[in-house]
Amino acid sequence: MLHRSSRGWSHATRTWQTQLGRCMSSMRPNGEPGSIERAVADATAALMLRLQEVEAENAQLKRALQEATKSFPTIDQTLSTSALHIASTSESLNEKESAAPANKQVDSAAEKKKLYGGMTQVQFFHRLMDCTRKYQLSSKLKAALESMPLLQMKWSHQEAPAILTCLVLLNRTDDAIKYARRWAGHLPVLRHFMIQAARTHCPELALALLSITAQTHPRAIDTFFYSCAIGACARGPLPFVASAHDLFWDMQDHRVPASEMTYGAVLIACGRLDDWRRAEEFCTVLDAEPERDAIYNSVIQQIGLFNNHEFTVRLFERALTHDIPLSERAHRVAISSCAKISRRDHALSLLDAFLDKIPTSSYSPLLFNSLISSYANLEPATSFDLFETMPQRDRDLFTYNSVLLACVHDRNLSRGLDLFRAMPMPYDVVTVCTMLQLCRTTKDVVRATEIYDEALVALGGPSTVLFEEYVETLVECDAYEAARVFYGANKDADAFHRTSKLLNLLLRASVHDLASAQAIFKDFAARPVPIASVSWNHLLAAHIAADDLANAEELLLRMQIRKSVTVFSYLQLMRAYYNKREFSNVTRVYDHFVSQRFHRTDFGLRNKPLHTPQTGLHILVSRARYAAGDYSAVLDMASSFNAPRLRFLADGAKRELVKQAVLAAEQLGDWQKCVQLYGDMVRNGCSDALAYEATVRAVAKAGEFEAALDVNGGDWYRNSERVSKGWFRDASD
């Protein structure tokens, strides 16, 4: 029926076209207008008649369809509605057909937005490129990338390096290597990949790319590929650092020339391994390069900017020794590194040699600033001389800040104030902080308050840095009450941010006021940032200062649950019990500390002498056990000078524990143990007058002088650095 209806409509249309054609064919240039009008009227009448017939036939079909659908009650109403629409006029059909592509486009756009994590494709592309520039993943981009099938999607050659970078930043190095293999036939893309591997410090990816390129493009392995791979290994995880050396020698074996980037990377690797002997081998190779001077300039800058100041100074010394001309930037980097190493005298000798070699008349303002800043940390007097030599027109804000730092190290408040008042340019927050440090050296709270008030006006209001520096000045000057008053007056200000440094300073100021310390701690605990272990220890110190040891011990357990406990936490509580002569509590806290050793390992509180020194705990519990009369326990703690349990301790700590053990052995009447322990001390280059006296007393009480002198040939007596010439010290000593 539907077919008949549509066929009738087509037949009516063809009839109308036929009549119209006849009408048009009957037209003649000189024809009468009446005949044309009659032909048009006849055609229109025939068309209208056929349209009426089609509409009547459509109405009949609708009624028949409605009656048919009534006999099937289970059919959903939406189906009948859909059928009615199909049987409607051609205009409605055309409208539906034109709307369908638009709906499909809307659905496709929504699916794409869902695929890209709620972003459009353009937004995702911009975030991807921003990640490539900053090498950081935003939270939104990270969430989108984690939900996307990155390896199944097709990316252009422009997007491929960015996708590789994102895979590395997501710690999906294996996927990044798989993705890189897909582009093995595209050498320009592989070069871009190698750049990203070097910049993200991913040696696994760099070595894989080197292997892929060697397989597919063996002649393309050049200085660029080697240098990027060496740089990634040198700056990557420590296990891969030695691979940088292997790659360099492989590069030499295959006669691939090394560049400035290559030498900089391989010497950075030597610096990370603290292997100057191997660095000298590379420097010997470098000395044979035709571009030696340019390479030295570049390498010094690279290593200095990598913050390996010790190797920077050594290379600077080598350049001065071999008369290698350095650029001004290389000089400034090396001079800055001289002020940051522990060998102060050596750094001063290098700077003095530089001053003697190059006259000050040839210095640029930047070089003057570097020298003034370095000498400010090493020798303030020379910094003042350089400041006076520097032309006044070349002095800038950095110059004045550097010479004010020299005043801080020289503790010269009057000179610093004169320079501060005579500054020809507006000062900044660094200047104010340096002046507050200068006031701290002389504990001049009044002057510090004046400078702080002036800075609020000059800098346009307070800031977090100013708050921290001023509160630190008050605390260092023992103005605890003033610090708490300042906090109360400014805690509701918009510029007051509750930082960890401010919390620690305020807790130090409230160490003798437990109520204030608890209130401040509660106020700062409301912020979203977790409380650090240092702040917990300050609160614990406030409890101990208030003689509230029971709550202090409860607080220690809370710290343990929150994974904030440290060795110093236990030491504070043990010292408090020791000072109250509650030796049993000292031992109890120590035993609890030892019982938590596996628990501490989970917290990261590992048994490393430099990170968490436990010397104080051992010495304190040894003294407590001796005072409590538990001499056997004291002996067990130090059975010999080189006992396995003492291997992590320094010689000074071992000497203290062995001395306590000698005193305990004397109380037990064990002269042989006294001689053995004190002999261990002497053989290891340590000596102690109290231990010597205790050993002699124990031997004298037992009447075993001859037997004691026969132990190890009597070295415990002959090699001992005794204060007196006899057995005991004089009373006046």
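At what angle do α5 and α6 pack, and how far apart are their axes? Let's start there, and keep in mind as we go that this is a predicted model.

Two helices that pack together are described by two things, the angle between their axes and the distance between those axes. For α5 and α6, the angle is about 110 degrees, and the axes are 11 Å apart. Angles of 65 to 115 degrees count as roughly perpendicular, so α5 and α6 are roughly perpendicular to each other.

Now, which residues in α5 and α6 meet? From α5 we have F124, R127, L128 and C131, and from α6 we have K140, L141 and L145. Sorted by class, this contact has five nonpolar residues, two charged ones and no polar ones.

Let's stay with α6, which runs over residues 139-147. Its residues L141, A144 and L145 are buried. Those three cover an arc of only 95 degrees around the axis, so they sit on the same side of α6. What about the face of α6 turned away from that buried side, which exposed residues does it carry? You'll find S139, E146 and S147 there. And if you're wondering what covers the buried residues, the cover includes α5 (121-134) and α7 (160-169). You have already met L141 and L145, since both are on the list of α6 residues that meet α5.

Here is a second pair to compare on your screen. Helix α26 covers residues 480-490, and helix α27 covers residues 500-509. They pack at an angle of about 135 degrees, with their axes 8 Å apart. Are they perpendicular or oblique? An angle of 135 degrees falls outside the range of 65 to 115 for roughly perpendicular and is not over 145, the cut-off for roughly antiparallel, and therefore α26 and α27 are oblique to each other. Their crossing is left-handed. On the α26 side, Y480, A483, R484 and Y487 make the contact, and they meet L506, R508 and A509 in α27. By class, that gives five nonpolar residues, two charged and no polar.

Let's zoom in on some single residues. Take L209, in helix α10, residues 203-216. Is L209 buried or exposed? Its relative accessibility is 0%, so L209 counts as buried. Leaving out residues up to four places away in sequence, L209 touches A180, L190, F193, M194 and A197. You can also find A184, which is 25 residues from L209 along the chain; the C-alpha atoms of the two are separated by 8.9 Å.

Next comes a residue in a loop. S564 is found between α30 (549-561) and α31 (567-579). Because its relative accessibility is 6%, S564 counts as buried too. Setting aside neighbours within four places in sequence, S564 is in contact with I531, S533, W536 and M559.

Last one! A545 is in helix α29, which spans residues 533-545. With a relative accessible area of 41%, A545 is partly exposed. Which residues does A545 touch, not counting those up to four places away in sequence? The answer is V511 and H512. A545 and V511 are 34 residues apart along the chain, and their C-alpha atoms are separated by 6.8 Å.

That's my tour, so please do turn the model around and look for these residues yourself. Thanks for listening!

Terms used:
Residues numbered from 1 in each chain as written. Predicted model: local features only at pLDDT ≥ 70, side-chain atom pairs only at ≥ 80, totals over all residues. Heavy atoms only, no water. Axes fitted to C-alpha atoms, helices over the stretch in contact; angles between N-to-C directions. Helix = DSSP H or I, 4+ residues; strand = E, 2+ residues; numbered from the N terminus. Parallel < 35°, antiparallel > 145°, perpendicular 65-115°, else oblique. Left-handed = near helix turned anticlockwise from the far one by under 90°. Contact = heavy atoms within 4.5 Å. Nonpolar A, V, L, I, M, F, W, Y, C, P; charged D, E, K, R; others polar. Buried < 20%, exposed > 50% of the residue type's maximum accessible area, 1.4 Å probe, protein only. Arc of directions from axis to C-beta.
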